[in-house]
Amino acid sequence: MNRFGTIIIFTLLFSNIIIAQKDVNKNLDKPVLQSSIKVIGKSYGDSIVLRWAPEKPWAWHKLNNIGYKIERIELGEKDNAKKELLTMNPLKPYSLEKFKTVFKPGNNNAAIAAQCLYGKNFETNLRQGQAAIEDRASVSDARYSYTLMVADYDANVGVATALRFTDKNVKKGAKYIYLVMPAGIATQGTIDTGTVVVINNTASPAAKPEISGGQAFDHVCELRWNRNNSENWSGYYIERSDDGKTFSSLNSLPFISSVPDSSLMNRDSSKTRLYSLLQTQHIYIDSLARNYKEYSYRIRGINAFAELSEYSNPVVLIGKDMTAPVAVNILNPLFMGERKMKVIWKKSPIEPDCKGYFITRANNINGPYETLNQQILSPSLNEFTDNNAFAHGGSFYIVVAVDTANNISSSVPAMGIIPDNTAPAIPSGLKGNIEKNGLVHLSWNANKEEDIKGYKVYFANAADHVFTQLTTEPDTTSEFTDSITLKTLTKDIWYKIAAIDYNNNHSAFSTAIRLKKPDIVPPTAPVPTNVIVKNNAVSMDWIKSSSEDVTSYVIYRAEDNNVPLVISNYKHSAGLVSFHFEDSTAKPNTAYVYFAKAIDEDSLYSPASLPVHARINRRMERPAITTLQASYDIKEKNIHLSWQYNETGNYFFILSRSRNNESFKPMRSINKEDKLFYDNTIEQGFVYRYCIQAIWKDEKGNTRLSDPVKVIVTSTH
C-alpha cells in the first residue's frame, strides 16, 4: 500500500469508514527486538517534506512515547558538511484533546488516527487465555497499519501522528542528508536511525496512473491497472461518469487491493484467475445500473506525501446482457411413421427478449449435434418434425433457446427411436491364436447390415461351461485382443461372439472356437510316502503328479551337503497311482536326502518334491547299566535315584519311568557327570518303575535298557 513495506486491505467499519487488514504479524514466540525507521523525502523548491515510519509495529508503539528527533546535514562544496538539529523538542503524536481541537469532526482520516492512538474499542471481542495474547498482538499491529495508511492520505494527519515533517529553511539546489532517530533510548529493543538524501530542486509533477484494461459483463464491470509504477501510489480514487462529462467519485477513502497469498490459489481454484491478476494488477469491480449504456471511468492516485495525481485517461465500458434464457423442457419425441420424429417441448416463462429456438440432433447422446433448422423458430412454437430421423439406433434431440443478445440455453437430450426388432445375422469366420505372453488375437468376418453397432465377445474354460462376456461395450471392429494367464491347470480356452445393432438387438452366438494355451506351467511334483529304512537299503513310494501331461520322473539323492545327483528315472504310467523306488546303494550311518521331480510332455520340470531324509543306522548294543537303585524319601516326598557308570567317552543318560502298568516313557536327559536324580513329580498310591540307558555319540551303539527298579509310594512307606 505504501513504500514502508506494510501491505493492508481495508474492510473494517470505523467512524463510518470501511477498512480491512489483509495480513497481521502474529509471531509471538520470537519477538522482533530490532527495527529501523524508513524515511523518504521530497523537494518542493521552497521546502522539503519528510515522511517516515518505523519498520516494526512494536517500534511504532515505543516511538509514540519516546518521540522522534530530526537532524540535517547540509553538504557543501569540497565535502564541507554542516550538521543541525531541526527539532528542539521530540516529535510526538498529538494528544487526544489536540486532535479534537485541530481537526473538524468530519475528518475521517484524523478520526482513524485518533482511534488507533487512543481508542479502546479495538479491544472488544478478544478471546480468552493464550488466544487473547495473540488477539492483542493483532490489534496492536492493526493500529500501526491504519495509522500509516491515514498518514499517507492526509498531510495534517501525518504531522499529527508524528510521521511527517516539513523543513522550510532550505536553499534551492542544496543537497541535504536527513536523519530521523529516536529521541530517547528504546527499552527491550534497538531502533536504527533512518536516513534520506534530498536535493532541493523544484518538485516534479507526479506521474498519473493509467487504466490498463477493463471488461464489462451483465450489470457489472471490472477495471484493471498495473500495480508496479514509478510513483508507488498509496491508494486510488475511482470516478465514474454517466454522460462522459461529469464524473463522481465511487470511493470516499483511497482504494487499494493487496497482493494475495499464492497459497490461496491452491485452496480455492475457482478464484485462480482473480488471484493471478492481483499479483500484478489492481482490480476494481463496479455494478452497472443499465446494460448497453456507456459508462466512463478514470482514476487518480495519492502518494505517501498526500499528493493527488492528475486523472488517468478515461475508459468507456458498456454492460451487456449475459443472462441466458430459461431452458425448455423437452418431452419424449414421438415416432410418426417412416423416418419422421416429432420433437415437442414446453417453455415457461417465455422471456420478452426470447428470440426463438434451434433444434439439434445426434446419433449419440454425447454428440456431435447438427442443427436441423437454418431459420430460427418463433418463440411461440413448441414442436418440430424431423423427417429424416436415424433409421437405426436412437436419434437424440436438444432444443436450444436463444435471446436477442444471442445468449443460449440447451435442454437436456431426449431420444427418439424408430422401431427395429430384427436381429443381426450370426457372425461367421471366428478364428484366433494365443501367443506365449498370454495375448489372444481373435478375428471374424464383419456383418453386412448397416445398423451394426458392434460385437460382444464371450469366453469359457470348457465347452460345457457358461460363457462370460469380456466386452463391456460393443466392439466396433471385427478384431479383438484378450490377455489371459497361462499359469493355470486348464489347457484350452473357448470363445464365441454375438453381433448387436443400434436398437440393441442381439444375434445368436457364433460357433465357439477352441484355442490351446501355450504350456508354460510346470507339472506338480510327486509326493513321497511309505518310507522304510532297512538294514541295507532305503525304500519309498512316490504318488504320481496330478498333472495330466506328465511323461516321466527323475529321483535325486544328496549326501550330507553335496550337490544332488540323479540316481533313477521312471516313465509315467497313467494306470498307476504310485511307483516304488528302493536305494540299495545307500551306505550305513550316512545321512541322505531324497527328492523327485515330474517332467511333462513340453519338457517342463516340476518343483522339487518334499524331501525325504533317511539314514541306515548300524550300531552295536553295549551292556546295560546294573547299578540303578531307587528309594522313597517319606520326609521329602520324592524318590531318590542313583547309579554308577564310569565309562570314559562321549555319552549321556536317558532316565525312563513307568507308573503302575503304563509303558516306560523317557522322562529326563542327564549329563554323564551326574549320578543322582530326585523325582519330585510323584503321587501317593502309585507304583513307579525306573530304568536307565547310556546314549553314546559314536557308532558302537548305546547300552541296553537296565532292569527296572520299583518303588511303591504310600503314606506309610
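Which residues form one aromatic cluster with Trp 696? The members are Trp 643, Tyr 645, Tyr 651, Phe 653 and Trp 696 itself. Before I return to that group, a word on the basis of this presentation. The model is predicted, with local features requiring pLDDT of at least 70 and side-chain atom pairs counted only at pLDDT 80 or more, whereas totals for chains, interfaces and linings use all residues. Residues are numbered from 1 along each chain as its sequence is written, and side-chain values use heavy atoms, leaving out hydrogens and water.

I begin with the aromatic residues. The whole structure contains 22 aromatic pairs. Rings of Phe, Tyr and Trp, the last through its six-membered ring, pair if their centres lie within 6.5 Å; planes under 30 degrees apart are stacked, those over 60 are edge-to-face, and the rest are tilted. Tyr 556 and Phe 595 make a stacked pair, at 4.9 Å centre to centre and 15° between the planes. Tyr 556 belongs to strand β36 (residues 550-559) and Phe 595 to strand β39 (residues 591-600), so this pair ties together parts that are 39 residues apart in sequence. Helices (H or I, at least four residues) and strands (E, at least two) are DSSP runs, numbered from the N terminus. Tyr 556 and Phe 595 are both buried, where buried means under 20% relative accessible area, exposed means over 50%, and partly exposed lies in between, using a 1.4 Å probe and protein chains only.

Within the cluster named at the start, Tyr 651 and Phe 653 form an edge-to-face pair, with 5.6 Å between centres and 75° between planes. Tyr 651 and Phe 653 are likewise buried. Another cluster member, Trp 696, has Arg 622 over its face, 3.8 Å from the ring centre. A charge sits over a ring if NZ of Lys or CZ of Arg is within 6 Å of the ring centre and within 35 degrees of the ring normal. Elsewhere, the charged end of Arg 361 sits over the ring of Phe 390, at 4.7 Å from its centre.

The next topic is the sheets. An open sheet of four strands runs in the order β44-β43-β46-β47, and its pairing is antiparallel. At its edges are β44 (665-671) and β47 (709-713), each of which pairs on one side only. On average, neighbouring strands of this sheet are turned by 25° against each other, direction ignored; axes are lines fitted to C-alpha atoms, for helices over the stretch in contact, and angles run from 0 to 180 degrees between N-to-C directions. Two strands pair if DSSP finds at least two bridges between them. Strand β43 (residues 651-659) is joined to strand β46 (residues 686-696) by nine antiparallel bridges, and Ile 654 stands opposite Gln 693 in β46.

A further open sheet has three strands in the order β41-β42-β45, again with antiparallel pairing. Here β41 (629-633) and β45 (676-679) stand at the edges with a single partner strand each, so one side of each has no neighbour in the sheet. Strand β42 (residues 638-642) is joined to β45 by four bridges in the antiparallel sense, with Leu 641 opposite Phe 677 in β45.

Strand β35 (residues 538-543) deserves its own description. Why is β35 largely enclosed by the rest of the structure? Five of its six residues are buried, so the strand is largely enclosed. Strand β34 (residues 527-533) pairs antiparallel with β35 over five bridges, and the two form a hairpin with four residues between them. Ile 532 has Ser 539 of β35 as its bridge partner. Strand β38 (residues 578-583) also runs antiparallel to β35, through six bridges, and Met 540 is matched there with Phe 581.

I turn now to helix α3 (residues 108-118), which is mostly covered, with eight of its eleven residues buried. Among them are Ile 112, Cys 116 and Leu 117. Asn 107 caps the N-terminal end of α3 through a side-chain oxygen 3.2 Å from the backbone nitrogen of Asn 109.

Finally, Gln 281 lies in strand β15 (residues 281-287) and is buried, at a relative accessible area of 13%. Its side chain makes a polar contact of 3.3 Å with the side chain of Ser 212. A polar contact is a pair of N or O atoms within 3.5 Å; within protein, one must be able to donate a hydrogen and the other to accept it, and residues adjacent in sequence count only if both atoms are side-chain atoms. Leaving aside neighbours within four places in sequence, the residues in contact with Gln 281 (heavy atoms within 4.5 Å) include Arg 224, Trp 225 and Ser 257.
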